[in-house]
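Trainee: Could you take me through the empty spaces in this protein, both enclosed and open, and what surrounds them? I would like one connected account.

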Amino acid sequence: MIGRFDKQTRVVILTGAGISAESGIQTFRASDGLWENHRIEDVATPFAWQRNPELVWGFYQDRRRQLLDVEPNAAHEALVELEQYLDEFLLITQNVDNLHSRAGSEKLIHMHGELEKLRCEECGVVVTAMDEEYLGETFVGCHQCHNERLRPHIVWFHEMPLRMREIDVAVGDCDVFIAVGTSGHVYPAAGLLGLAQACGAHCIGINLDPPQNVDLFDEFHRGKAGEILPEMVRKWTGRP
Ligand code: OAD
């Protein structure tokens, strides 16, 4: 098991829905998860948006409004402490909530998009849209062009995740790769562990249940991120 990190240790973190579970945000694949009550084909594909935009809009507006009622937890905060300790650090999240940035993470990539933002498919503008006028049930139009419907700035199934080149370079170059709260079901995110392992990184997993690619970790810690991660960060940074 790895001990204390030097400040020069290059660390890349990948987080998934499990890190926000203790803040009260549902994960996707648990028995009471989001994909139990909603079919991916109905709410999380470009075809769903074409076929039934009202349903898709309503699904994401509920999740956008929920951001006003949740707070970052001890696991989000521990990653901020780790970022501040290390010279080279990158946090890649599959999560579309805003809890990492609200906790204070700065070196952060939202590879699956962000609930806080809406995007115009006509002119490409992306707006941060959490004021009351943007949080209702009716569609909102683009201020920059004639498009009457902004879409959620979310990477849907059949779409490419964001900033993959930067992600691949960082994962390929890191010394330590840590995955927290992700089931390892959705690619390309799930493939980053294999890439890190192939490039010689020490790979650490923290998850409530063993994820499907658990055998690729050099160390696996089973339990809640909010309990395990603060303790591990104290050990890695040597801070009390
Ligand atoms: P999942 O719902 O597939 O997996 C969440 C994982 O977190 C599970 O393995 C749980 O065991 C674990 N978990 C739950 N509570 C935890 C806790 N307190 N501490 C630690 N681990 C905990 O969510 P993701 O792997 O993030 O994509 O899903 C990946 C992608 O699939 C999402 O980004 C989303 C979804 O479809 C899109 O919408 C494009």
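Mentor: Happy to! In this predicted model, the count of cavities of 30 Å³ or more comes to 2. The largest cavity holds about 120 Å³ of space. It is lined by 13 residues, and the closest to its centre are Ile 25, Gln 26, Arg 63, Val 96 and Asp 97. Sorted by class, that lining has 6 nonpolar, 5 polar and 2 charged residues. Both domains take part, with at least three lining residues drawn from each of domain 1 and domain 2.

The second largest cavity has a volume of about 90 Å³. Its lining also has its own list of 13 residues, and those closest to its centre are Leu 14, Thr 182, Gly 184, Ala 190 and Asn 213. Here the classes divide into 9 nonpolar and 4 polar residues, with no charged ones.

It helps to have the domains in mind before we turn to the open spaces. The assignment gives domain 1 as 10-25 + 72-112 + 161-237 and domain 2 as 40-69 + 117-154. Their C-alpha centres lie 27 Å apart, and 8 residues of domain 1 are in contact with 5 residues of domain 2.

Now for the pockets. The largest pocket has a volume of about 950 Å³. Its lining runs to 43 residues, and the closest to the pocket centre are Ala 17, Thr 27, Phe 28, Arg 29 and Ser 183. Among the elements, α1 (18-21), α5 (53-66) and β8 each supply at least two residues of this lining. By class, the lining has 22 nonpolar, 15 polar and 6 charged residues. As with the largest cavity, domain 1 and domain 2 each give at least three residues to the lining of this pocket.

The second largest pocket has a volume of about 180 Å³. Its lining can be given in full: Arg 10, Val 11, Val 12, Glu 88, Phe 89, Leu 90, Lys 107, Val 169, Ala 170, Asp 173 and Cys 174. Two or more of these residues come from each of β1, β2 and α8, and α8 gives the most, with 3 residues. The classes here are 7 nonpolar and 4 charged, with no polar residues.

Those elements lead us to the sheet. Its 6 strands follow the order β3-β2-β1-β7-β8-β9, in an open arrangement with parallel pairing. At the edges are β3 (108-110) and β9 (219-222), each paired on one side only. On average, neighbouring strands are turned by 15 degrees against each other, direction ignored. Helix α8 (residues 164-173), which we met in the lining of the second largest pocket, lies across β1 (11-15), β2 (89-93), β3 and β7 (176-180). The helix runs at about 130 degrees to β2. Helix α10 (residues 225-237) also packs on the sheet, where it touches β7, β8 and β9. The direction of α10 makes about 145 degrees with that of β8.

Strand β8 (residues 202-207) is worth a last look, as one of the elements that help line the largest pocket. It pairs with β9 in the parallel sense over 4 bridges. In one of these strands' bridges, Asn 207 has Arg 222 of β9 as its partner.

Definitions and conventions. Residues are numbered from 1 along each chain as its sequence is written. This is a predicted model: local features need pLDDT of at least 70, side-chain atom pairs count only at pLDDT 80 or more; totals for chains, interfaces and linings use all residues. Side-chain values use heavy atoms; hydrogens and water are left out. Two strands pair if DSSP finds at least two bridges between them. Axes are lines fitted to C-alpha atoms, for helices over the stretch in contact, and angles run from 0 to 180 degrees between N-to-C directions. Contact means heavy atoms within 4.5 Å. On a 1 Å grid over the protein atoms alone, a cavity is a set of points where a 1.4 Å probe fits but cannot get out, and a pocket is an open set with protein on both sides within 12 Å along at least five of seven lines; lining residues have an atom within 4 Å of a point. Grid points are joined across faces, edges and corners, and a volume is the space filled by probe spheres set on the points. Ala, Val, Leu, Ile, Met, Phe, Trp, Tyr, Cys and Pro count as nonpolar, Asp, Glu, Lys and Arg as charged, and the others, Gly among them, as polar. Domain bounds come from an automatic or database domain assignment.
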